[in-house]
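Q: I have a model open on my screen and would like to learn how to read it. Could you walk me through a few features?

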Amino acid sequence: MALMITDDCINCDVCEPECPNEAIYMGPQIYEIDPNKCTECVGHFNEPQCQQVCPVACIPFNPAWRETNEQLMAKYESLQAIAKS
Ligand code: SF4
Ligand code: SF4
């Protein structure tokens with residue numbers, strides 16, 4: 001399941017550099033997460049790093065992107081392959 005950033009985001013810039021997949025980017029008004037790049041940090045860390053650092057706890061799981069651990073690992077491996085190409 002990818003994560004998402006809610007309207008409570010205060011644009012503090014803390015989460016963006018913590019994402020190992022470069023899935024977080026500045027949207028038109030607040031930061032957003034590309035669900036095609038978010039692996040819940042699977043492959044990199046045991047916990048979602050963005051959730052750990054967000055001061056207003058506005059990064060819940062995205063119910064529209066339900067994925068198994070195997071799917072998240074496959075996404076991680078796909079992203080790694082793209083990064084190396
Ligand atoms: S959970 Fe991990 S991969 Fe997903 S957006 Fe947050 S830091 Fe990036
Ligand atoms: S850490 Fe939280 S409040 Fe700060 S930019 Fe990221 S989502 Fe927004």
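Q: In which helix is lysine 75 found?

A: Happy to help, and keep in mind that this is a predicted model. Lysine 75 belongs to helix H2, which covers residues 69-84. For the wider setting, the protein has 2 helices and 2 strands, and from the N terminus its elements follow the order β-β-α-α.

Q: Is lysine 75 buried or exposed?

A: Here the cut-off matters: a residue is called buried under 20% relative accessible area. Lysine 75 has 11%, so lysine 75 counts as buried. Across the protein, buried residues account for 38% of the 85 residues.

Q: Which residues does lysine 75 touch, leaving out those up to four places away in sequence?

A: Its contacts are Pro35, Asn36, Lys37, Cys38, Thr39 and Glu67.

Q: Which side chain meets lysine 75 in a salt bridge?

A: The general idea is that side chains of opposite charge can pair when their charged atoms come close. In this case, the partner of lysine 75 is glutamate 67, with 2.9 Å from N to O. The structure holds 1 salt bridge.

Q: How many residues surround ligand 2?

A: A good habit is to look at the neighbours, then at their classes. Ligand 2 is surrounded by 13 residues, and the closest are Cys9, Cys12, Cys15, Tyr31 and Cys54. Sorted by class, that shell contains 11 nonpolar, 1 polar and 1 charged residues.

Q: What radius of gyration does the protein have?

A: The value is 12 Å, which agrees with the figure near 12 Å for a compact globule with 85 residues.

Terms used
Residues are numbered from 1 along each chain as its sequence is written. Chains are lettered from A and ligands numbered from 1 in the order in which they are written. This is a predicted model: local features need pLDDT of at least 70, side-chain atom pairs count only at pLDDT 80 or more; totals for chains, interfaces and linings use all residues. Side-chain values use heavy atoms; hydrogens and water are left out. A residue is near a molecule or strand if one of its heavy atoms lies within 4 Å of it. Ala, Val, Leu, Ile, Met, Phe, Trp, Tyr, Cys and Pro count as nonpolar, Asp, Glu, Lys and Arg as charged, and the others, Gly among them, as polar. Helices (H or I, at least four residues) and strands (E, at least two) are DSSP runs, numbered from the N terminus. Contact means heavy atoms within 4.5 Å. A salt bridge is a side-chain nitrogen of Lys or Arg within 4 Å of a carboxyl oxygen of Asp or Glu. Buried means under 20% relative accessible area, exposed over 50%, partly exposed in between (1.4 Å probe, protein chains only). The radius of gyration is taken over C-alpha atoms; the globule rule is 2.2 Å times the number of residues to the power 0.38.
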